[in-house]
Amino acid sequence: MESRTTNENTLQALREKEKVLHQLVRERPTEYLPVWTAALIELGKLLYQNHDFPSCEQTWKQVLDIFQKNPKANRADLASTYNNLGTIYGKQRKYCESEDCFLNALYYYRNLFKEAEGTYRAYLAMTLSNLGELYSYQREHTKSESYYREALTHYKVLSQGHPEVYKADEEAIQNSLDSLHREMEEQKGSEKSAQTGQGTQVKEEKGQPGSNSQATGDDTPPQQPLADWLARYGEELKRRKDEALQILSEAEASKPKKKGRQ
């Protein structure tokens, strides 16, 4: 309880600090813009920890807007901000926005990696992994596999130099790939069963020996057996109605007739 109160107090203090700095930026932008940006980043991180993703999204969008408008903005800052926004969009199931952000981050990290492999390999691997995970959620298996494989290549290099830091990441990506491959095999099996079922249904419609609706591999019963069942059901209803009318007629005939007044 005390920890939660402390967290809320910290968040409130950061919000107030950000508002004050924002006002100062309007008066003296050159002096206070970097300080305000740092406060927004700190606020965005805390909002993420608190799982307040809508507010977190708005905060990181402000950070991105600052970097985009600054011609001297560091490309690494832009890449990091895009990556953070991609993660936040993903948490809210905004997959299209998440994809755009991750791809922008990947663009910057690929270029930075060409200039300084040792510095940016881990960031590149992280973004590739994020894209692999995103496409896995969307069941775009081919794309997911491609990004996971590239991420795994980088994590293997990283874990060779620093196994205590990156070995767990390497194993996590390998596990994700294994899980993805199982899912792909299951999908292939389902598609094959569906195709086999369609072939069976065509044979039945041509009048060849067939079986019941389960043989199609589909939960939807073939149209002809369903029509036959409906026809039989209608006949059964008519028969029962006729029987009921007959019983009522007989009962009415057996009642004693009332004598009229004399």
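Helix axes here are lines fitted to C-alpha atoms over the stretch in contact, and the angles between them run from 0 to 180 degrees between N-to-C directions. Keep that in mind for the packing view below. Everything shown comes from a predicted model.

**View 1. The whole chain, helix after helix.** The chain has 9 helices and 0 strands. Reading along the sequence, you just get α-α-α-α-α-α-α-α-α. Of the 262 residues in the chain, 29% are buried. Take the contacts with a separation of 6 or more, and 50% of them join residues 24 or more positions apart.

**View 2. Where α5 meets α7.** Helix α5 (residues 95-115) packs with helix α7 (residues 141-161) at an angle of about 35°, and their axes are 15 Å apart. The crossing of this pair is left-handed. On the α5 side, the contact is made by E99, L103, L106, R110 and F113, while α7 brings in K143, Y147, E150 and H154. It's a mixed bag chemically: 4 nonpolar, 1 polar and 4 charged residues.

**View 3. A closer look at α7.** The 21 residues of α7 should span 30 Å at 1.5 Å a residue, and the end C-alpha atoms are indeed 30 Å apart, so the two values agree. Plenty of names to spot among its buried residues, including H141, S144, Y148, A151, L152, Y155 and L158. Two residues that touch α5, Y147 and H154, are also on the buried list of α7.

**View 4. The largest nonpolar core.** This core has 52 residues, with Y82, Y109 and Y155 making the most contacts inside it. Elements giving two or more residues to the core are α1 (2-27), α2 (29-49), α3 (53-69), α4 (75-91), α5, α6 (117-137), α7 and α8 (163-205). The largest share, 8 residues, comes from α5.

**View 5. Zooming in on Y109.** Here's one of the core residues with the most contacts. Setting aside neighbours within four places in sequence, Y109 is in contact with A76, A79, S80, Y120, Y123, L124 and T127.

**View 6. Helix α3 and its buried residues.** The 17 residues of α3 should span 24 Å at 1.5 Å a residue, and the end C-alpha atoms are 24 Å apart, which agrees. Buried along α3 are F53, C56, E57, T59, W60, V63, L64, I66 and F67. An α-helix has 3.6 residues a turn, so residues three or four places apart point the same way. The buried residues of α3 pack against α2 and α4.

Terms used:
Residues numbered from 1 in each chain as written. Predicted model: local features only at pLDDT ≥ 70, side-chain atom pairs only at ≥ 80, totals over all residues. Heavy atoms only, no water. Helix = DSSP H or I, 4+ residues; strand = E, 2+ residues; numbered from the N terminus. Left-handed = near helix turned anticlockwise from the far one by under 90°. Contact = heavy atoms within 4.5 Å. Nonpolar A, V, L, I, M, F, W, Y, C, P; charged D, E, K, R; others polar. Core = buried A, V, L, I, M, F, W, Y, C linked by side-chain atoms within 4.5 Å. Buried < 20%, exposed > 50% of the residue type's maximum accessible area, 1.4 Å probe, protein only. Expected span 1.5 Å × (residues − 1).
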